[in-house]
Each structure stands twice: as C-alpha cells, then as structure tokens.
Amino acid sequence: MFFTLERDFISLIHALHHQNIQMITKIDNGTVIRMNLGLDGKHVLITGASGGIGLATARLFLEEDAKVTAHYNTNSKTVEELKELHSGRVFGIKADLRDASQVEAMFRRSMDHFGRIDVLVVNAGVWPENDTFVADMSLKQWENTLAINLTGAFLCCKYFFQNLREHQGEHASVIFVGSTAGVFGEAGHCDYSATKAAMKGLTLSLKNEIVHFARKGRVNLVNPGWTITPMAETSLSDEQLVKRVLQTIPLRKVATAEDIANIIVFLASDKVAGHISGQSITVAGGMEGRVLFTPEQIDLSEIK
Ligand SMILES: NC(=O)c1ccc[n+]([C@@H]2O[C@H](COP(=O)([O-])OP(=O)(O)OC[C@H]3O[C@@H](n4cnc5c(N)ncnc54)[C@H](OP(=O)(O)O)[C@@H]3O)[C@@H](O)[C@H]2O)c1
C-alpha cells in the first residue's frame, strides 16, 4: 500500500516506527512510503479475481507479497496475465459459484496448491443491468442473482471455514464485498440489493463463528458505491445517470477499483486492522442515498 506525502514526514515516520510499520522508498517528486501490512506469505483466495474489483485486489495483495488463489468463471485472460507477472505466487482456478461441487473443488485444489487459506475475499457477483420492478422480475432472474451472489457466498464461507477447522491457526479473515444497494436499497434491482443486504447478516453471524476456528479471526464487509469496472461500464457511460448519482455524493466522483481494493487489503491485515471485526465500511465518496425524483416529478399541490 502506498502513500505520497508532502508534509509532517518526521512525525509520520515516528508513528509508523512505533507501530512497527516499515518503510520506505524515495522517488524524485515526493516520498513514497511502503507500509508493511504483514501480508507476505499469506494465502488469499479472491472470488471474481478476473473482474474489476477482484483483479485490483489481487494485484494489491501480490504487491504485499501474498500468495493469491485467483478465481474466475468465464474469463481466464486477466488471471493468466497475473500468473505470468507473478510467477509461482498466483494459482488460477475456474468455478461457477452456483455449483456447490465446483466451489468445494476450488477450495480443495487451492489448499493442495498453497496450503491453508488465510484470507477469503468474497467478491464475485452479478448485477442484472436492466431496471426491472419487482412486479416484472422473473423468478429465473431472482433465483440466478441469489444463487451467484448469496448462495455462492455461503458456499465459499462453508468451505473456507472447513479449511480453518482442518488447518488450525491464530489469524484468519473474511472480507465480503457488498454494495450501497444493500445499504440504501436500489429500485429496479431488488434481487441484487437483497443479496448485498444479506452480506451484513453473514458478517455479523460469522464474526462470532470464526473465532472458534481461528482465535483472532475477523469478518468484515466493504460496501462499494458506483465503481468503474466492467459491471458498471454501460451505466457509467450514461452522463445523466452519473449526474443524478453524484448529487448525493459530496466527493462528486465514482470510485476506482483500487479505491475498493485498498480497503479490502487494509481489512485483511492483522497488523493494522487486527481489532476490527463485524464492521461494514461503505466506500462511496460519502454517499447519502438515492435521488428518487426529478424536481418536475414533485407536485407541490399534494402537500397539505
Ligand atoms: N462496479 C460497481 O459499481 C460495484 C458497486 C457495488 C458493488 N460491486 C460489487 O463488487 C463485486 C465485484 O464487481 P465488479 O464491479 O468488479 O464486477 P465485474 O468486473 O463484472 O466482476 C464480476 C466477477 O464476478 C464473477 N462472476 C460472475 N458470475 C459468476 C458465477 N456464476 N460464478 C463465479 N463467478 C462469477 C466474474 O467472473 P468471470 O468474469 O470470470 O465470468 C467476475 O470475476 C461484485 O460483488 C459487485 O456486486 C460493484
């Protein structure tokens, strides 16, 4: 993880030293500090590592010298590129998370390859793009979204926890990737929103289970807002939609995949986040909620 600094350099170094956080590379136009997050050698399994947020997360863990099981479903390209760049530290594996036997096999093969999995990032997911009110939503769409986003998450946790039971250790971490749709809801996407709200239930329950298998195990949830990835590409090319979205966001920008990956990696680090568990962190530029109507759609005569 890198930070560029212009001031307060000495006091920062003292603070970092005090926390046993390590140091430093100099570059010409500023100072870049490399914090040692204590993730070197950790085995991290990331679902959906072929996609926008998953890939950025995999890259960041690799920068921290972790070993990464990079899961994909249909797109092996980005994972193959990662493998080429980080020889010996990336294990790519294909699985459709709707299929329990494929998920089980993914965990077994991942453990055979790199040993105990220390960190699980439950990131894979789908967001059916068309706005569909519940009255018109097909049962097929509803079931498919739940199967990938929610049952897929359950299956990953099930086999991750079996891995912890099999290979006892002190630390372990699960990071779920939810969404602001699970925080504020999202009209036209109740299937997606329901799966993301459910991540909070998983987080709060599993934080109390994980400590039975890893005494200092932690479970947390990251809720991204709109983020520039293949999933959101079409929507974010609609200027009107972006303007509407930014009306409730004080930072008036959408996230990059790296914005989300930074928080995932931070939460995975026992060194800097070792006392954080059961928390939901929204990474959405301060988003307040949704703009539901245009001014023209408001009829002041209805106010009694
Ligand atoms: N982008 C946003 O604005 C945004 C906002 C809030 C939350 N999120 C959440 O962030 C997470 C990552 O999204 P992203 O934006 O990075 O999307 P993305 O680029 O579309 O990536 C989605 C990932 O999910 C995988 N996936 C899809 N269906 C799958 C299935 N049946 N089985 C296994 N894997 C499957 C994809 O694998 P393949 O490509 O290999 O098939 C891909 O790796 C998702 O959970 C999403 O809900 C995104």
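At what angle do helix α4 and α5 pack, and how far apart are their axes? The panels below address this and related contacts in a predicted model.

**Panel A. Packing of helix α4 on helix α5.** Helix α4 (residues 100–114) packs with α5 at an angle of about 35°, and their axes are 9 Å apart. The crossing of these two helices, α4 and α5, is right-handed. On the α4 side, Ala100, Val103, Glu104, Phe107 and Met111 make the contact, and on the α5 side Leu155, Cys156, Tyr159, Phe160 and Asn163 do so. Sorted by class, the contact of α4 with α5 comprises eight nonpolar residues, one polar and one charged.

**Panel B. Packing of helix α5 on helix α7.** Helix α5 (residues 139–166) and helix α7 (residues 190–210) have axes that come within 9 Å and cross at roughly 15°. Angles under 35 degrees count as roughly parallel, and α5 and α7 are therefore roughly parallel to each other. Their crossing, that of α5 and α7, is right-handed. The contact involves Gln141, Trp142, Thr145, Leu146, Asn149, Leu150, Ala153, Cys157 and Phe161 of α5, together with Asp191, Tyr192, Thr195, Ala198, Met199, Leu202, Leu206 and Glu209 of α7. By class, 11 nonpolar, four polar and two charged residues form the contact of α5 with α7.

**Panel C. Packing of helix α2 on helix α10.** The axes of α2 and α10 are 8 Å apart, and the helices pack at an angle of about 50°. Helices α2 and α10 are therefore oblique to each other. The crossing of α2 and α10 is right-handed. From α2, Gly52, Ile53, Ala56, Thr57, Leu60 and Phe61 meet Ala257, Glu258, Ile260, Ala261, Asn262, Ile264 and Val265 of α10. The contact of α2 with α10 has nine nonpolar, three polar and one charged residues by class.

**Panel D. The open sheet and its edges.** Seven strands, with parallel pairing, form an open sheet in the order β6-β5-β4-β7-β8-β9-β12. Strands β6 (90–94) and β12 (280–283) stand at the edges with a single partner strand each, so one side of each is left without a neighbour in the sheet. On average, neighbouring strands of this sheet are turned by 15° against each other, direction ignored.

**Panel E. The pairing of β7 with β8, and the helices on the sheet.** Strand β7 (residues 119–122) and strand β8 (residues 173–177) run parallel and are joined by four bridges. One pair of bridge partners is Val121 and, in β8, Ile175. Helix α5 packs on the sheet, where α5 touches β7 and β8, and the direction of α5 makes about 175° with that of β7. Helix α10 (residues 257–268) lies across β4 (43–46), β7, β8, β9 (218–224) and β12. Relative to β9, helix α10 runs at about 170°.

**Panel F. The residues around the ligand.** The ligand has 28 residues around it, of which Gly48, Gly51, Gly125, Thr229 and Met231 come nearest. With three residues, helix α2 (residues 52–63) gives the most to the shell around the ligand. By class, this shell contains 13 nonpolar, 13 polar and two charged residues. Helix α2 thus appears in two panels: α2 contributes to the shell around the ligand, and α2 packs with α10 at an angle of about 50°.

Key
Residues numbered from 1 in each chain as written. Predicted model: local features only at pLDDT ≥ 70, side-chain atom pairs only at ≥ 80, totals over all residues. Axes fitted to C-alpha atoms, helices over the stretch in contact; angles between N-to-C directions. Parallel < 35°, antiparallel > 145°, perpendicular 65-115°, else oblique. Left-handed = near helix turned anticlockwise from the far one by under 90°. Contact = placed C-beta atoms within 7 Å. Nonpolar A, V, L, I, M, F, W, Y, C, P; charged D, E, K, R; others polar. Near = placed C-beta within 6 Å. Pairing = 2+ DSSP bridges.
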